[in-house]
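Work through the exercises below with the coordinates open, and attempt each task before reading its solution.

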Amino acid sequence: MNDCLFCKIVKGEIPSTKVYENEWVYAFLDIDPQAPFHAIVIPKEHIKSAAEINGENSFLVAKVFEAVAEIAKQENLQKGFRVVNNCGEDGGQTVGHIHFHLLARRNLSWPPG
Ligand code: AMP
Ligand code: ZN
């Protein structure tokens, strides 16, 4: 996906502040943070959204959550955190590469708006 913003971030063509990386996953700070700690965690492989998850690629969602647990340890998020996936237009997705918001270091209200 040549014109995908997050694919360009994975390739280093657009700068980002990396918080975690492994073979499958890349995580970086959100440019418009909604909490004192706000990272975006993505599979390196281009998948458009949660609606495109299937038996072939679902292991990458597991890899994302393994990375979330590693980041939580690395960033000392013992008090907790929230993982959010926005999917499609009504879900508020603005970047067409599946991503998981990792929000922490404040008390997060529920339910979300
Ligand atoms: P969503 O609205 O769920 O699609 O989330 C997209 C997120 O990507 C938003 O929270 C944006 O602030 C974030 N974002 C957009 N461009 C960048 C960028 N260049 N670097 C870091 N985060 C970005
Ligand atoms: Zn992409």
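The exercises that follow deal with aromatic rings, a charged residue and backbone geometry.

The model is predicted, so that local features need pLDDT of at least 70 and side-chain atom pairs count only at pLDDT 80 or more, while totals for chains, interfaces and linings use all residues. Residues are numbered from 1 along each chain as its sequence is written, chains are lettered from A and ligands numbered from 1 in the order in which they are written, and side-chain values use heavy atoms, with hydrogens and water left out.

**Exercise 1.** Determine how Phe65 and Phe100 are arranged as an aromatic pair.

Solution. Rings of Phe, Tyr and Trp (its six-membered ring) pair if their centres lie within 6.5 Å, and planes under 30 degrees apart count as stacked, over 60 as edge-to-face and the rest as tilted. This rule gives 3 aromatic pairs. For Phe65 and Phe100 the centres are 5.7 Å apart and the planes make an angle of 75°, which is edge-to-face. The two partners are 35 residues apart, with Phe65 in helix H2 (residues 58–74) and Phe100 in strand E5 (residues 100–104); helices (H or I, at least four residues) and strands (E, at least two) are DSSP runs, numbered from the N terminus. Buried means under 20% relative accessible area, exposed over 50%, and partly exposed in between (1.4 Å probe, protein chains only). Phe100 counts as buried because its relative accessibility is 8%, whereas Phe65, at 40%, counts as partly exposed.

**Exercise 2.** Describe the surroundings of Asp30, which is buried yet has no salt bridge.

Solution. Begin with the position of Asp30, which is in the loop between strand E2 (25–29) and strand E3 (37–43). A salt bridge requires a side-chain nitrogen of Lys or Arg within 4 Å of a carboxyl oxygen of Asp or Glu, and the nearest side chain of opposite charge to Asp30, that of Arg106, is 12 Å away; Lys and Arg count as positive and Asp and Glu as negative, with His and the chain ends not counted. Then turn to contacts (heavy atoms within 4.5 Å): leaving aside residues up to four places away in sequence, Asp30 touches His38, Ala39, Ile40 and His101.

**Exercise 3.** Examine the backbone at Asn76 and at the bond from Trp110 to Pro111.

Solution. Most residues other than glycine have a negative phi, and most peptide bonds are trans. Asn76, although not a glycine, has a positive phi of about 55°, and it counts as exposed because its relative accessibility is 51%. The peptide bond from Trp110 to Pro111 is cis, with omega near 0°.
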